[in-house]
Protein chains: 2
Amino acid sequence: MTEARLDVLTIGNAIVDVIADATDSFLETEGLTKNSMRLIDAEEAERLYAHMAPAREVSGGCAGNTAAGIAALGGRAGFVGQVAPDQLGTFYRHDLTAAGVEFTTPALDVGVPTARSMILVTPDGHRTMNTFLGAAQHLPASALDEQQIRDSAAIYLEGYLWDPETPRYAMIRAIEVARAAGRKVAFTLSDTFCIERHRDGFNQLIDGGRIDILFANEAEIQALAGVPHLESAIEAVRGKVQTLVVTRGEKGALATHGSERADVPAEPVAEVVDTTGAGDLFAAGFLFGYTGGKSLKQSLRLGAIAAAEVIQHYGARPEADLKALAGELAA
Amino acid sequence: MTEARLDVLTIGNAIVDVIADATDSFLETEGLTKNSMRLIDAEEAERLYAHMAPAREVSGGCAGNTAAGIAALGGRAGFVGQVAPDQLGTFYRHDLTAAGVEFTTPALDVGVPTARSMILVTPDGHRTMNTFLGAAQHLPASALDEQQIRDSAAIYLEGYLWDPETPRYAMIRAIEVARAAGRKVAFTLSDTFCIERHRDGFNQLIDGGRIDILFANEAEIQALAGVPHLESAIEAVRGKVQTLVVTRGEKGALATHGSERADVPAEPVAEVVDTTGAGDLFAAGFLFGYTGGKSLKQSLRLGAIAAAEVIQHYGARPEADLKALAGELAA
């Protein structure tokens, strides 16, 4: 196996976040479940947008956020995702490229715009996502640069990619290429609703041994295992993957690798402004450490540091110097 | 004269701000003058954007910011400006409308996109603007709703509107309509470079008695008067307008009305994050007070409160509840 050119290549939905403040009663009126992500069509996107407060637009998307986080830590990151040839697509490419991420997937004109997620942030800092997938759902397997996959020490895929059929096939193909090249495959379960939608598919991937590193939060690992208890869920899943990473919000995070296990507390933060991207940046820190040969505990610490930075401001991409925040851990 | 339906109708360039952090050495390398605004063409916009850090997009434009500020204080505000039928134009209309501002100018398709200003924010919180005017420079006089102007207690115009010929004529027409209806005309000098570009035109407006309320900062009033001394500049200009408002950053602000004069200190702020919009929000507070029958001093206080809020976060539109911050002054 040749030396990897990239540490991590992430593959996911290329989404611009449209972030606005909202009250809890607004969520209630709109019938929205806090902290969840729902897919919406163009009509619902327009309707909801008309009700929303003034917004800011920042590039997002789980896998894109993770790639930006890895680059901010000093890692070599790439991203694969589909944008349209429009203003949002231009923003998206600019922001990733300016963050130091390799993003070469060509824009695709199939008559739908670049994806956007209307993210409602309540006063408690929690976010509720309403995603119009647009061009992102048209990522074809043919858009993959298979050499780029073979050149990456690990690929990282988001569960959300499973929602539409076209990128699902692209994801399955990417896993095949990575595994054939002896590379690691990392996967995040994305959210509990996503697990409900795709339980069989996810279980096939995991039970089939096609996932090396699995990321989940507390609710997700329990939903996947089908048990309402954290430790039981961990025990049920840890044997099916090489490495299992479970994030627990303000309660910290843990990881298992074979019989090994490490737990870390959350990093203290001054104020939680917007939790969007917390899981994505945790994955960034962990993967940066893991592919750099750090221990489980050190990798978890890197995840906690990156996640703590991103929840202290609006938007899901790092704004502070993550490399400096990580200090010797990122050296 | 009938009762006004709107307190203030602002007319200006409809611009989406593309905000990124930058170092002082980046400004130097790019040959940019801190705190200034320069107009750039599509080619330079693309070149600079490729060098810029990851950005956030928020609706801006001086007059739009002022209208949003007035609405946030509880005033009745309208905005006139030109956007294109594109994603940025959609953002722009959404944000103003969601802020409670009447914005009915139709989008115009002349093959150029909605304006954007690439705003570089240095660690000291100061901003340097690079504006691609796009559709904004195509605002025709025919797009004015003259009844809307007659229905507004005051109109507020930005000096930047003088840059391209088409909106310059729209502005002159708006002044005619407002004056014929006995309404007040307010005007901001925008920046010193703008004054250098249009000294004759601005002097004709002011000397011709077509401006009732003139807004300037310290550098601008001195540039207009052609004297390097604040009090001399104020004395030279105050007799030419009914009301003169001069903002002085952290040194506060002052206003004159005939022989009357009031001075107020700046509001204390915890941290200056981004000074973009400070002058626009000061104008919002002052105009809200002024059209509501407040004293010079009270109106200045409202300006100071609104400006203090906007410099404590990125972006030039208020995020906190300005009406609450202003307390009894906004009652």
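**Close-up 1. Glu57 meets its own counterpart across the two chains.** In this predicted model, A:Glu57 has B:Glu57 in β4(B) as its bridge partner. The strands around this pair, β4(A) and β4 (residues 56–59) of chain B, run antiparallel to each other and are joined over three bridges.

**Close-up 2. The axis that relates chain A to chain B.** Give chain A a turn of 180 degrees, with a shift of 0.0 Å along the axis, and it lands on chain B with an RMSD of 0.0 Å. The two copies are therefore related as by a two-fold rotation axis. Glu57 turns up again here: in chain A, the C-alpha nearest the axis belongs to A:Glu57, 2.5 Å from it. Both copies use the same surface, with 100% of the contact residues of chain A recurring in chain B.

**Close-up 3. What chain A brings to the contact with chain B.** Here 20 residues of chain A touch 20 residues of chain B. Two or more residues apiece come from β4 (56–59) and α4 (87–98) of chain A, and α4(A) gives the largest share, six residues. By type, the chain A side splits into eleven nonpolar, four polar and five charged residues.

**Close-up 4. Helices α7 and α8 packed together in chain A.** Helix α7 (residues 192–207) and helix α8 (residues 218–225) of chain A pack at an angle of about 35 degrees, their axes 10 Å apart, and the crossing of α7(A) and α8(A) is right-handed. From α7(A) come A:Thr192, A:Ile195 and A:Phe202, which meet A:Ala219, A:Glu220, A:Ala223 and A:Leu224 in α8(A). That makes five nonpolar residues, one polar and one charged in the contact of α7(A) with α8(A).

Conventions:
Residues numbered from 1 in each chain as written. Chains lettered and ligands numbered in written order. Predicted model: local features only at pLDDT ≥ 70, side-chain atom pairs only at ≥ 80, totals over all residues. Axes fitted to C-alpha atoms, helices over the stretch in contact; angles between N-to-C directions. Helix = DSSP H or I, 4+ residues; strand = E, 2+ residues; numbered from the N terminus. Left-handed = near helix turned anticlockwise from the far one by under 90°. Contact = placed C-beta atoms within 7 Å. Nonpolar A, V, L, I, M, F, W, Y, C, P; charged D, E, K, R; others polar. Least-squares fit on C-alpha atoms with pLDDT ≥ 70 in both. Pairing = 2+ DSSP bridges.
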